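Colleague: I would like a close look at a single loop residue, and then at the part of the fold around it. Please take your time and connect the local detail to the wider arrangement.

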Amino acid sequence: MKPKVIVYKKLDKRILDDIADSCEVIYFEKLDSETYPVFLEALKDAQGLLGSGLKVDNELLEQAPQLKIVSNISVGYDNLDMEALKERGIMATNTPDVLNDTVADTIMGLILSTARRIPELDQWVKSGQWESGLGEKWFGVDVHHKVLGIIGMGGIGSAVAKRAHFGFDMEILYHNRSRNQGAEEKYGAAYYSMEELLRKSDFVCLMTPLTPETVNLIGKREFELMKESAIFINASRGKTVDEEALIQALHKGQIHGAGLDVFVQEPVNKDNPLLSMKNVVTLPHIGSATNETRFKMALTAAENLVSGLKGEIPPNLIRK
């Protein structure tokens, strides 16, 4: 008998068919008030769970006594209660690496858009205000040959360093839990303490996962350490930043601007002051949002799921 698995996210039919070759698939394109009760009923004898964003905690796991593996379609896994999964002997997997280049492209886009004021000037032109030559008040700042500080030099951080070093001749500083010899050798990255990185960097890029230790990692003190000319970039998780402290730092002119792909609340509250600031570029958490990358992520998650249910060690088992 095939193991029963629940897929709770819209997937390409080719990937669903691949899973169905070895599993009985119960498919939900999305979970809402109508489908959630059916989902909970299916959990009772499900052995696998595949999707992204669903909070998998003790409360949910009590409804899933047969569960053997949870496969996240994302590199982050802050939606998973790893202790609860460990206690029950349930495997958890994610999809690292396949999205590194795409997210790094997004980050470089944020850096360029914020520094050169691209979204602001785009709207200025489209609104018919370009009637003469540009004055200095519309000038941006250079990106090339500047200092980029990366907090979190994992796969994505390294991909950003590669683009910044070879594409823009930027000086790379980084702070990480451990030294990244590869980044040092390939991109000339220099390891710094958090405080020194913040003081020296023209652009500060936050790329840490969301853990209890990284909640509000960047707050009032950290913004005070940055240059007034610094641009802050966050494409990690919204809760890694004290958002109110960021708003105040921008209001007071403690930093020059910010490029954000993530927020504490998503979708972002329409009254959030960040949305009315011209020196802030805001994106709707699109880091990995291309057709090609999302397909690769879903395919990787499916491979993790199927291999785990076959009794193998999944390629991307989270070993936390």
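Is histidine 145 buried or exposed, and what is the relative accessible area of histidine 145?

Modeller: Before I answer, please keep in mind that this is a predicted model. Histidine 145 has a relative accessible area of 57%, and exposed stands for values over 50%, so histidine 145 counts as exposed. The residue is placed in the loop between helix H6 (118-126) and E6, and its backbone deserves attention too, since phi of histidine 145 is near 65 degrees, a positive value in a residue that is not glycine. As background, most residues other than glycine have a negative phi.

Aspartate 169 offers a second case to set beside histidine 145. Its phi is near 50 degrees, again positive in a residue other than glycine, and aspartate 169 sits in the loop between H7 and E7. With a relative accessible area of 49%, aspartate 169 is partly exposed. A further loop feature concerns a peptide bond: glutamate 266 and proline 267 are joined in cis, with omega at about -5 degrees, and proline 267 belongs to the loop between E11 and E12.

The strands named so far lead to the sheet. E6, E7, E11 and E12 are among the seven strands of an open sheet whose order is E8-E7-E6-E9-E10-E11-E12, with parallel pairing. Strand E8 (190-191) and strand E12 (280-282) form its edges, and because each has a single partner strand, one side of each has no neighbour in the sheet. Strand E6 (residues 147-151) runs parallel to strand E7 (residues 171-175), and five bridges join the two; within this pairing, isoleucine 150 faces tyrosine 174 in E7. Helix H5 (residues 100-115) packs on this sheet, where its contacts are with E6, strand E9 (203-206), strand E10 (231-234), strand E11 (257-260) and E12, and its direction makes about 150 degrees with that of E10. Helix H7 (residues 155-168), for its part, lies across E6 and E7 and runs at about 175 degrees to E6.

The structure also holds an open sheet of five strands, in the order E2-E1-E3-E4-E5 and with parallel pairing. Here the edge strands are E2 and strand E5 (91-93), each of which pairs on one side only, and from one strand to the next the twist averages 15 degrees. Strand E1 (residues 4-7) is joined to E3 by three bridges, the two strands running parallel; valine 7 stands opposite leucine 50 in E3, while valine 5 has glycine 48 of E3 as its bridge partner. Helix H1 packs on this sheet, touching E1, E2 and E3, with its direction at about 140 degrees to that of E2. On its other pairing, E3 meets strand E4 (residues 69-72) in the parallel sense over four bridges, and there glycine 48 has isoleucine 69 in E4 as its partner.

In a regular strand the side chains alternate between the two faces of the sheet. For strand E3 (residues 48-51) both faces are covered, as Gly48 and Leu50 on one side and Leu49 and Gly51 on the other are all buried. One helix lying over this region is H2, which crosses E1, E2 and E3 at about 155 degrees to E1. In helix H2 (residues 36-43) the buried residues are Phe39, Ala42 and Leu43; because they span an arc of only 105 degrees around the axis, they lie on the same side of H2. Their cover includes E1, strand E2 (24-27), E3 and helix H3 (58-61).

Finally, H1 has a helical partner as well. Helix H1 (residues 13-20) packs against helix H12 (residues 291-309) at an angle of about 5 degrees, with the axes 10 Å apart, and so H1 is roughly parallel to H12. On the H1 side the residues involved are Arg14, Ile15, Asp18 and Ile19, which meet Phe295, Ala298, Leu299, Ala302, Leu305 and Val306 in H12. Of the residues in this contact, eight are nonpolar, none is polar and two are charged.

Note on methods:
Residues numbered from 1 in each chain as written. Predicted model: local features only at pLDDT ≥ 70, side-chain atom pairs only at ≥ 80, totals over all residues. Heavy atoms only, no water. Pairing = 2+ DSSP bridges. Contact = heavy atoms within 4.5 Å. Axes fitted to C-alpha atoms, helices over the stretch in contact; angles between N-to-C directions. Buried < 20%, exposed > 50% of the residue type's maximum accessible area, 1.4 Å probe, protein only. Parallel < 35°, antiparallel > 145°, perpendicular 65-115°, else oblique. Nonpolar A, V, L, I, M, F, W, Y, C, P; charged D, E, K, R; others polar. Arc of directions from axis to C-beta.
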